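Dear colleague,

I am passing on the structure we spoke about, with the sequence alongside. Below it you will find notes on what turned up when I went through it.

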Amino acid sequence: MSGRTKALVVKQSPPGRKPVLHDAVLEEQVIPQLTPGQVLVKINAVAFNHRDLWIRKGQYPGIAFGSTFGVVVAASERGDSLINKRVFLVPMRGWEKDPYAPESPKFTILGGGNVVPIGTFSQYVAVERDQVILSPEHLNDYQLAAWPLGAVTAWRATMVNAEVKKGDNVLVTGAGGGVALTAIQLCVAAGASVYVTSGSEDKIQKAVALGARGGVNYKSKDWPVQLGKLLAQHSGTGTQLDAVIDSGGGDLMGQIGKILKAGGKVVIYGMTAAPKINFTMREVLKNQRLIGSTMGSHQDLIDATKFLAHHRIVPIVSRVLDGLESAEEGFQILERGDHFGKVVIHVRHDDGKKTSSKL
Ligand SMILES: NC(=O)c1ccc[n+]([C@@H]2O[C@H](COP(=O)([O-])OP(=O)(O)OC[C@H]3O[C@@H](n4cnc5c(N)ncnc54)[C@H](OP(=O)(O)O)[C@@H]3O)[C@@H](O)[C@H]2O)c1
């Protein structure tokens, strides 16, 4: 090992660039000296999250320029008893196991932050040894890179907040997203009847191939009516939704008002379609619940990973790009939104050897 690492760094865009798009620059940095209790993780694969794009667009709060990008890794690491074990990084700090919200007011996500200046779009990362989790054996490095951030978010939204269980009717909106896809896989494995929305027919069919019962295109004005008909066709499981897992926002409550059961839950973890969600007296009178959900705890991620290993769930990888040098292409794919699953980078090392397993 050279003692140096390549890392993708966010740099403030030149004044006047409209719309704002900060630069993502590959830099060479010195690998920091390990402090007691840390391990050095050799990164084999990293995955994009939509957050990375929000950061470049200047639409994510608390971002420190000059810090490294990224949140999710698969790796082989060096240090104490974990030497040569395949691990992945816990993508956040400050939330260990509180059932409702982070214990720490300084809760933060790796990548772009100034509280914990660690980003994972890098060849090597030094982290505390208790902030890595052993990899389930059935996943290769790319699939593993696709797991942690989406997993902890999807697990908390579906299993902790929506309390999805066998026989429930669940709608997952925006089926093509990394978090949404994991949510679909978790709910299907839990025995729920899963329905989806997407902006693409092709993505709906792919979600069905993963076990969803069916889906509708959110670009059609009458998608809630279409969804109601789909639910009626599968009346064996009831004709209303028990829960909705949403990343769109906007007028969702109004749209699904008639097909969400009284007392049903809408768990929202993102607002891709609109920066707010409407909640009216109509929902109050139906005892419907709207729950905000962000990431999850370290314990949630451990629980999700056990569930993944037990059900042999394989996270969906859309594309594998070759080398951190190709990061720009990844941002463009995210911007176009035509991916289905995670966009992953195979991280090259100085020896030029491919260290990751095949997809
Ligand atoms: N709170 C948290 O902890 C947390 C964690 C991760 C992500 N997020 C947020 O969740 C969202 C998705 O993140 P991701 O990483 O999964 O993103 P992604 O992989 O880039 O996917 C983008 C998502 O947006 C959906 N979408 C696009 N236009 C839409 C519209 N008009 N209405 C409804 N959905 C629309 C897409 O659905 P189709 O492709 O199927 O059309 C897809 O699900 C982002 O807003 C992100 O910031 C929040």
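Valine 284 is partly exposed, since its relative accessible area is 41%, and this residue belongs to helix α8, which covers residues 281–285. Please keep in mind while reading that this is a predicted model. On the surface, Val284 joins Phe279, Met281 and Leu285 in a nonpolar patch, and together the four have about 410 Å² of accessible area.

Following the chain onward from there, asparagine 287 is found in the loop between α8 and β15 (289–292). Asparagine 287 is exposed, at a relative accessible area of 56%, and has a positive phi of about 55° although it is not a glycine. As background, most residues other than glycine have a negative phi, and most peptide bonds are trans. Glutamate 163, which lies in the loop between α3 (148–161) and β10 (169–172), likewise has a positive phi, of about 50°, without being a glycine. You may also want to look at the cis peptide bond that joins lysine 18 and proline 19, with omega at about -10°; proline 19 is placed in the loop between β1 (4–11) and β2 (23–30).

Turning to the aromatic residues, the count comes to four aromatic pairs. In one of them, the ring centres of phenylalanine 48 and phenylalanine 331 are 5.0 Å apart and the planes stand at 80°, so this pair is edge-to-face. The pair links distant parts of the chain, because phenylalanine 48 is in the loop between β3 (38–47) and α1 (50–56) whereas phenylalanine 331 is in helix α10 (residues 327–336), 283 residues apart. Phenylalanine 48 counts as buried at 2% relative accessibility, and phenylalanine 331 is buried too, with a relative accessible area of 3%. Ring pairs link both of these residues and Phe121 into a cluster.

Two arginines also lie over aromatic rings: arginine 56 is over the face of phenylalanine 331, at 4.6 Å from the ring centre, while the charged end of arginine 51 sits over the ring of tyrosine 60, 4.6 Å from its centre.

Finally, helix α4 (residues 178–189) has twelve residues and reaches 17 Å from its first C-alpha to its last, close to the 16 Å expected. Ten of these twelve residues are buried, so α4 is largely enclosed by the rest of the structure; among the buried ones are Val179, Leu181, Ile184 and Cys187. Just after α4, glycine 191 takes a positive phi of about 95°.

With best wishes

How values were computed. Residues numbered from 1 in each chain as written. Predicted model: local features only at pLDDT ≥ 70, side-chain atom pairs only at ≥ 80, totals over all residues. Heavy atoms only, no water. Phe/Tyr/Trp six-rings, centres within 6.5 Å; stacked < 30°, edge-to-face > 60°. Helix = DSSP H or I, 4+ residues; strand = E, 2+ residues; numbered from the N terminus. Buried < 20%, exposed > 50% of the residue type's maximum accessible area, 1.4 Å probe, protein only. Lys NZ or Arg CZ within 6 Å of the ring centre and 35° of its normal. Patch = residues over 30% accessible without salt bridge, like charges linked within 9 Å, V, L, I, M, F, W, Y side chains within 5 Å. Areas by Shrake-Rupley, 256 points an atom, 1.4 Å probe, with all protein chains shown as cover. Salt bridge = Lys/Arg side-chain N within 4 Å of Asp/Glu carboxyl O. Expected span 1.5 Å × (residues − 1).
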